[in-house]
Amino acid sequence: MNQAVKLLLWLLFMGFAWTSQAMELQVVAEQRFASSQGEPVTQELLFNGSGFADFVLKVQNGSADGTQRVSSALVSLNGVKILAPADFNQNVQTLERSIAPLPAGNSLAVTVRSNPGGFLLVQVLGAPIFQLPPDPGPAGDATLEGVDSNGNGIRDDIERWIYLTYPDSEKLRRALIQEYYPLQNMIIHGQQQNRDAVYDDMIALQRSSECLYYVYPDRPHKVSAELEARILNTDQRTYGYFEASRLLGGGTFQGVPMSKWKNSCNFNPDEMKN
Amino acid sequence: MFKRNLFILLAMILSSFTFEYEASASFCNKKTYVFYGNGMFNSENTATKSYKYFEGKLRVEGGLPEDEWIFDLSYNHDERLFPIFQVFRQRQGESASTFWRWINGLSLAPDWFREKALELASRGDLNQMVGDADLRRHVQRYKTVLMEGSRVLVVGHSQGNLYANSAYTILANDSDDLPMEAFGLVAVATPSSLVAGGGPHITRTDDLVIDAVRFFYSGTLRGNVTNDNTDSDWKHHSFIDSYLDGDRSGPMIISSVLSKANGLNWPTPMVGSGPISVTLTWGDQPDVDLHVFEPDGSHVYYAALQGTSGYLDYDDVTSFGPEHYYVVSCDTLAAGTYRVGVNYYRGSAPETASVQIQAGDIIKDYSISLSQAEGSAGNANPESVANVEVVGDPVNGYTFTVGGQN
């Protein structure tokens with residue numbers, strides 16, 4: 001095989017591998033809907049599509065061995081019919097449909113019309129827009145520093161919150177990441193009683209605040225307060241922050257003129273479309 | 001993925017630096033300084049957001065020239081945040097995030113929390129809510145700005161008014177005979193019975209925190225504005241949501257601030273002002289000296305008042321200070337390191353030196369414990385306070401960093 005053919009095959013393989021990775025779907029929401037005695041009951045699965053794209057509704061009819069299947073059901077998303085009774089019978093194992101949920105507040109209504117004992121496993125699948133670290137769970141709250149499994153300098157719980165809450169605004173995500181650092185550092189430096197470092201954190205907070213006001217002028221203090229609440233989610237983190245506040249008492253902190261607030265960003269927000 | 005990681009790496013690198021800003025020719029303009037004194041239950045983040053929001057509103061609605069109006073935060077730490085958090089923890093098993101959402105008005109707090117917060121807000125002697133060390137630093141900053149020839153307006157919110165009133169009293173009685181006609185106050189949601197210097201006040205008639213304070217202190221100024229619009233803060237006390245965004249209180253604050261500030265006199269400069277100023281104060285021991293080593297090695301202190309870049313204003317040998325070191329012009333400013341130190345020259349007991357360093361837009365405070373007097377033996381190697389790093393040149397401007405001991 002000559003080198004050109006090898007290169008072509010390699011490129012084809014890499015292209016396939018990239019495509020496979022890009023198309024990998026994750027479970028956004030799932031619920032098991034069982035049939036019941038009496039009149040069919042409509043049940044709801046509520047979910048947010050924030051942070052995902054290319055959604056697919058996947059319905060598994062009964063168990064994998066072919067038992068517990070239902071012969072009729074109705075599935076609708078936000079009032080729009082996705083699957084009708086005619087789509088189901090005892091021979092149908094799985095059904096898949098592309099769907100287009102809203103970023104937030106979706107209602108998937110499922111009505112199972114079958115004898116008791118049957119069930120549907122309904123999954124909403126989506127391709128994650130961002131490659132995010134997993135939810136650290138309680139381990140993320142065990143230390144002041146938290147868990148940073150991908151080593152990018154941001155606590156995993158905060159990184160996930162920023163990206164999943166604001167998937168549609170790159171500049172706001174960046175402004176919040178800039179804001180994250182002084183707030184998180186204040187916890188550490190406050191606990192260390194490092195007054196000089198806390199002052200530097202406070203000065204950095206002035207700049208990140210100016211940036212946030214430039215990027216998101218519509219009530220940015222609310223967004224920042226929610227970020228602050230999430231960063232200070234444990235008693236020890238709150239105590240470290242209190243210590244920082246005590247060290248800052250009596251300090252005066254100067255802002256830069258409003259016309260230069262854009263320059264307070266450590267990125268160029270005007271280069272971003274959203 | 002790679003681009004995102006690259007961005008995050010860059011963000012980390014950038015965030016690890018102290019932000020630096022150019023010193024500009026505007027040092028020579030007449031300036032009005034507006035200091036915002038934060039209220040009770042304010043974290044450092046809430047206080048910062050409040051004064052930025054205030055600045056934005058005032059600049060837009062007042063059409064203020066950028067170079068002539070400077071906005072600063074005079075931060076005071078609220079000791080009540082700790083006990084209210086303790087109460088929260090005793091009653092509530094939830095994440096600490098819930099506490100911050102309740103205290104910042106992001107979600108409605110239950111009755112028991114609201115009652116406890118209001119009880120803590122009104123408990124104790126109002127005068128004892130002012131921390132001496134915090135107040136001393138504020139006063140030093142106001143005094144420096146006044147002496148440099150700028151007008152000073154302090155806009156206090158809630159507890160910030162207690163600091164502002166106390167600062168006014170101290171400055172009015174200062175031995176340097178300060179130009180108090182250039183210093184004014186505007187009080188928002190004040191728990192106090194007065195606004196020092198006769199400034200205006202704005203208090204909502206339904207402010208629950210001030211109502212609670214007035215229950216114990218009948219002299220607390222009465223509410224004088226009622227909004228028609230609603231606000232998200234259950235206390236009706238938040239500077240942004242309850243006051244600045246109020247349909248009546250917001251315009252009232254803006255007009256009061258502009259009217260008060262524009263009515264202040266321009267003081268005659270008593271000292272130099274410029275890209276660097278260092279202020280030393282101390283207690284009742286007779287003599288602590290300020291020392292600065294300039295980038296070219298010049299040692300500025302009581303025996304050599306004039307340096308290459310700057311100068312020491314005088315040598316105080318009768319307690320308290322202040323002593324100032326100034327670099328008053330970008331013409332004499334030099335790139336390099338300015339090393340700031342203090343020497344405990346004469347005294348019989350341990351002393352504490354307070355040093356405030358302003359370099360460009362950066363202001364930092366240091367507290368240095370001095371165990372015993374060193375006399376002239378300490379001149380060559382004074383106690384280190386901080387280094388001011390200056391980078392740049394007269395054409396492209398200068399940037400500053402200030403770093404020192406804890």
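Which residues of helix 3 of chain B are buried? In this predicted model, the buried residues of that helix are B:Leu81, B:Ile84 and B:Phe88. Because they cover an arc of only 70° around the axis, they lie on the same side of helix 3 of chain B. This spacing agrees with a general property of helices: an α-helix has 3.6 residues a turn, so residues three or four places apart point the same way. The face turned away from the buried side of helix 3 of chain B carries the exposed residues B:Gln86 and B:Gln90. The packing partners of the buried residues come from both chains, since they pack against helix 6 (235–248) of chain A together with helix 4 and helix 5 (111–122) of chain B.

## The contact between the chains

The contact takes 55 residues from chain A and 59 residues from chain B. On the side of chain B that touches chain A, at least two residues each are supplied by several elements, including helix 1 (2–15), helix 3 (81–91), helix 4 (96–103), helix 6 (132–147) and strand 15 (397–404) of chain B. Helix 2 of chain B gives the most to this side, with ten residues. By residue class, the side of chain B that touches chain A divides as follows.

| Class, side of chain B that touches chain A | Residues |
|---|---|
| Nonpolar | 23 residues |
| Polar | 20 residues |
| Charged | 16 residues |

Strand pairing also links the two chains: strand 9 (residues 252–254) of chain A and strand 2 of chain B pair in the antiparallel sense over three bridges. Within this pairing, A:Thr252 stands opposite B:Ser74 in strand 2 of chain B. Strands of a sheet pair through backbone hydrogen bonds, either parallel or antiparallel.

## A sheet in chain B

Chain B holds an open sheet of five strands in the order 9-10-6-12-13, with antiparallel pairing. Its edges are strand 9 (311–312) and strand 13 (362–370) of chain B, each of which pairs on one side only. Strand 13 of chain B is nevertheless mostly covered, as seven of its nine residues are buried, and strand 13 of chain B is also among the elements that supply at least two residues to the side of chain B that touches chain A.

Strand 12 (residues 351–359) of chain B runs antiparallel to strand 13 of chain B, and nine bridges join the two. Along this pairing, B:Val355 stands opposite B:Tyr366, and B:Ser354 stands opposite B:Ser367. The hairpin of these two strands has two residues between the strands, and B:Gly360 takes a positive phi near 60° there.

## The form of chain A

What does the secondary structure of chain A come to? The chain has six helices and nine strands, and its domain assignment gives domain 1 (25–128) and domain 2 (137–271). The centres of domain 1 of chain A and domain 2 of chain A, taken over C-alpha atoms, are separated by 40 Å.

The radius of gyration of chain A is 25 Å, whereas a compact globule of 274 residues would have a value near 19 Å. Along its principal axes, the C-alpha trace of chain A spans about 75 × 65 × 35 Å. Of the 274 residues of chain A, 40% count as buried. Among contacts in chain A between residues at least 6 apart in sequence, 72% join residues at least 24 apart.

How values were computed
Residues numbered from 1 in each chain as written. Chains lettered and ligands numbered in written order. Predicted model: local features only at pLDDT ≥ 70, side-chain atom pairs only at ≥ 80, totals over all residues. Pairing = 2+ DSSP bridges. Helix = DSSP H or I, 4+ residues; strand = E, 2+ residues; numbered from the N terminus. Domains from an automatic or database assignment. Rg over C-alpha atoms; globule rule 2.2 N^0.38 Å. Buried ≥ 20, exposed ≤ 12 C-beta atoms within 10 Å, placed from the backbone. Contact = placed C-beta atoms within 7 Å. Nonpolar A, V, L, I, M, F, W, Y, C, P; charged D, E, K, R; others polar. Arc of directions from axis to C-beta.
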